[in-house]
Every structure is written in structure tokens, then in C-alpha cells.
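User: Hi! Could you walk me through this structure? I'm new to this, so please explain the terms as we go.
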Amino acid sequence: KWRSFVCRQHYIFYTAARTIQTNWRAAVCRNQYLYHIAAMMIQNKWRTFVYRRDYVSYMAARKIQSKWRSFECRQDFVVYIAARMIQTKWRSFACRQDYIFYMAARKLQTLWRKFACKEKYVQYIAARTIQTSWRAAVGREMYLENIAALLIQNKWRSFVCRQDFLHYMAARTIQNSWRAAISRHLLLHNVATKQIQTKWRSYVCRKEYVEYM
């Protein structure tokens, strides 16, 4: 009974303390949340003010920079157009002068090349005539030498072929005679061998027949 009463009292104290702690923590969290919301609202207002002020300053600076850059670009464009016109006039004058010098040099080069080509052509014709005559003489000599060499080669080859043919016919005649003698000797030897074999077989068969009877 006493333990049950003590346990019940402890449980009541625990439940009460837990309820007090829960309410206290809820009040603390609620206050912290309200402070956080208030701080966020103050920060949002301050940041909006700062951003608006910075944006106004940025737009003013941007407008001033735009005007200044427009003025600088206009001045640079005017200077560029003036420089371009001066360069165009100067280049036109320089190109005209270069073209005049080029045409004069081209005319001089044409005349000089014409004279040089004529001289080279005359020298070429003379050298070609000399080369043609020299080649004709050399070709004639080489042709005569070739004809003489061909005649000598033909005579020599005809003599060599005739000698080779005579040697070939003599060797062929000797080979035919030798082969005929060997064939005759082999034929006689074969006939004698066959006769001996025939006599011997006849003798053996007769002897076996006599013994059999």
C-alpha cells in the first residue's frame, strides 16, 4: 500500500513537472519564433531599403556611363571617319603612283624580255642546227659500225652454229651406234638366258614327272 502510494505520488509529480516543462518550452519556442519573425521583417525592410538605394545609385551611374560612352564613341567614330578618309586618299595616291611605276617597269621588262628571247632563239636555232648536223654524222657512223658488227656477228654465229651442228651429228651417230651395240648385246643375253631357263625348267619338269610315275 505504501509503495503504491509513493509510486502514485512520484508519477503525479513527474506528470506535473512534465506538463510545466512542456508549457515552458512551448512559451520559450513561441517567444523565440516571434523574435525570429520580427528580426526577419526588420532585415527584409533594411535590405529592401539598401537594395533600392544601391539600385538608384547603380541606375544613375549607368546612365552617366552610358552618356559618357556614347560621347566617347561619337568622338572616336568622328576621328575614325576622318582618319579613314585621309588613309583612303593617301592609299589612292600611293596606288596610283605604284601603278604608274609598275606599268613603266612592265614596259621596260617586256622590251628587255623580247630582246633576250630573240637572242636566245637565235642562239637556240644555231645550236640546234649544229646539234642536228653533229647527231646526223654520229648516227651515220654508229649505223655503219652497227651494220659491220651485225655482219661480223652473223658470220661468226653461222660458223659456230655449223660447228655445233657437226659436233652434235657426230655425237649422235656415235651414241646411236653405241646404243645399237648395247641393245644387240642385251637382246642376245636375254635370248640365251631365256633358252637356259627353258632347258632347265624342262629338265626339272621331266625329272619330277619320272619320279611321280
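Analyst: Happy to! Let's start with a definition: a residue is buried under 20% relative accessible area, exposed over 50%, and partly exposed in between (1.4 Å probe, protein chains only). By that rule Trp200 is exposed, because its relative accessibility is 55%. One caution: this is a predicted model, where local features need pLDDT of at least 70, side-chain atom pairs count only at pLDDT 80 or more, and totals for chains, interfaces and linings use all residues. Residues are numbered from 1 along each chain as its sequence is written, and side-chain values use heavy atoms, with hydrogens and water left out.

User: Cool. How many helices and strands are there in the chain?

Analyst: The chain has 1 helix and 0 strands. These are DSSP runs, numbered from the N terminus: helices are H or I with at least four residues, strands are E with at least two. The chain is more spread out than a compact globule, because its radius of gyration is 69 Å, well over the 17 Å that the globule rule gives for 213 residues. That radius is taken over C-alpha atoms, and the rule is 2.2 Å times the number of residues to the power 0.38.

User: And what does the C-alpha trace span along its principal axes?

Analyst: About 155 × 120 × 15 Å. Buried residues make up 1% of the 213 residues.

User: New topic: how many aromatic pairs are there?

Analyst: The count is 6. Rings of Phe, Tyr and Trp (its six-membered ring) pair if their centres lie within 6.5 Å; planes under 30 degrees apart are stacked, over 60 edge-to-face, and the rest tilted. One of them is Trp68 with Phe71, which is tilted because the planes are at 35 degrees, with centres 5.8 Å apart. Both residues lie in helix α1, 3 residues apart, about one turn of the helix.

User: Is Phe71 buried, exposed or partly exposed?

Analyst: Phe71 is partly exposed, at a relative accessible area of 39%. Trp200 and Tyr203 form a tilted pair too, 5.9 Å centre to centre with 40 degrees between the planes. About one helical turn separates Trp200 and Tyr203, because they are 3 residues apart in helix α1. Tyr203 is partly exposed, with a relative accessible area of 44%.

User: Last one: where does Tyr143 lie?

Analyst: Tyr143 lies in helix α1, which covers residues 2–212. Tyr143 is exposed, because its relative accessible area is 52%.
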